[in-house]
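Student: I should like to learn how to read a ligand site and a buried side chain in a model of this kind. Could we take the polar contacts as a starting point?

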Amino acid sequence: MTEAIVKMEDVWKSYADGDYVLRSVSFEVPRGEFVGVHGRSGSGKSTFLRLIGLLDRPTKGSLTVVGEDAARLGASDSARIRREKLGYIFQGFNLVPHVTALENIEVPMWLNGVKGDERRERAMADLKRFGLEHLAGRYPREMSHGEQQRVAAIRATVSRPELILADEPTSSLDDESAKTFLGLVTKLNRELGTTVVMVSTDPDEARAGTSVYRLGSGSLSRET
Ligand SMILES: Nc1ncnc2c1ncn2[C@@H]1O[C@H](COP(=O)(O)OP(=O)(O)OP(=O)(O)O)[C@@H](O)[C@H]1O
Ligand SMILES: [Mg+2]
């Protein structure tokens with residue numbers, strides 16, 4: 001049985017003064033999947049991802065994320081679920097600038113109360129597992145954007161969240177680093193079984209996913 005990790009039913013979203021950005025969107029993500037969503041700038045991709053990431057709420061409709069009904073979550077429960085069960089990768093400049101790659105990766109575990117030695121070991125183990133141990137002692141300013149985004153991906157998964165959300169994670173990278181980054185996300189998805197939802201303006205990038213959707217005119221349609 002595949003359990004849905006995200007279930008959106010007839011979701012509408014508008015901001016204070018505006019028209020609907022999302023119009024009757026229904027969407028379901030089975031556990032373990034890597035979903036790519038593409039759409040033009042302004043089509044509502046970040047809006048869509050913020051709803052799934054429990055950073056905002058639907059105007060109408062129902063949304064369940066990692067088994068939690070978004071409408072029933074208060075601020076502190078939603079903060080806890082974000083911390084314990086979700087991982088985020090954003091466009092760029094994700095890392096804390098004044099600490100090393102290794103320490104950056106420790107941050108989510110630190111927030112979840114994992115003790116120092118164990119934190120360090122787990123962070124190092126993931127860096128090694130994905131072939132990035134040479135970056136452990138580097139500060140963000142000593143790494144390329146591509147390396148920083150790979151470290152950010154490791155950081156997003158080190159606490160083994162149930163779901164990772166990525167918003168245009170390669171938009172500041174060149175083609176080669178974008179490919180390497182997407183290869184890493186694919187590996188995280190396959191090896192750790194982490195479910196991924198990634199949005200991008202680039203259809204080819206979205207097609208790195210195992211299922212692909214397009215967002216346009218407020219509607220979500222499945223491509224593959
Ligand atoms: N906090 C907000 N308040 C009001 N309007 C907003 C807010 N956030 C987004 N919007 C509007 O919602 C629409 C969709 O924005 P969104 O950021 O979701 O698009 P996007 O697809 O992520 O675009 P991009 O590819 O440029 O990041 C836009 O018209 C935008 O102006
Ligand atoms: Mg956006």
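Tutor: A polar contact is read as a pair of N or O atoms within 3.5 Å. In this predicted model, a polar side-chain atom of Lys 45 is placed 2.7 Å from an oxygen atom of ligand 1. The side chain of Ser 46 has an N or O atom 2.9 Å from an oxygen atom of ligand 1. For Glu 168, a polar side-chain atom also lies 2.9 Å from a ligand 1 oxygen. Taken alone, ligand 1 exposes 630 Å², of which the protein buries 57%.

Student: Which residues come nearest to ligand 1?

Tutor: The surroundings of ligand 1 comprise 13 residues, and those that come nearest are Ser 41, Gly 42, Lys 45, Ser 46 and Thr 47.

Student: Which helix gives the most to the shell around ligand 1?

Tutor: That is helix H1, residues 45–52, which contributes four residues.

Student: How do the residues of the shell divide into nonpolar, polar and charged?

Tutor: Seven of the shell residues are polar, four are charged and two are nonpolar.

Student: Let us turn to Glu 106, in helix H3. Why does Glu 106 count as buried?

Tutor: A residue is classed as buried when its relative accessible area is under 20%. Glu 106 has a relative accessibility of 5%, and therefore counts as buried. Helix H3, where Glu 106 is found, spans residues 101–111.

Student: Which residues does Glu 106 touch, not counting those up to four places away in sequence?

Tutor: With those neighbours set aside, Glu 106 touches Gly 116, Arg 119, Arg 120 and Ala 123.

Terms used
Residues numbered from 1 in each chain as written. Chains lettered and ligands numbered in written order. Predicted model: local features only at pLDDT ≥ 70, side-chain atom pairs only at ≥ 80, totals over all residues. Heavy atoms only, no water. Near = heavy atom within 4 Å. Polar contact = N/O pair within 3.5 Å; in protein donor to acceptor, adjacent residues only side chain to side chain. Areas by Shrake-Rupley, 256 points an atom, 1.4 Å probe, with all protein chains shown as cover. Helix = DSSP H or I, 4+ residues; strand = E, 2+ residues; numbered from the N terminus. Nonpolar A, V, L, I, M, F, W, Y, C, P; charged D, E, K, R; others polar. Buried < 20%, exposed > 50% of the residue type's maximum accessible area, 1.4 Å probe, protein only. Contact = heavy atoms within 4.5 Å.
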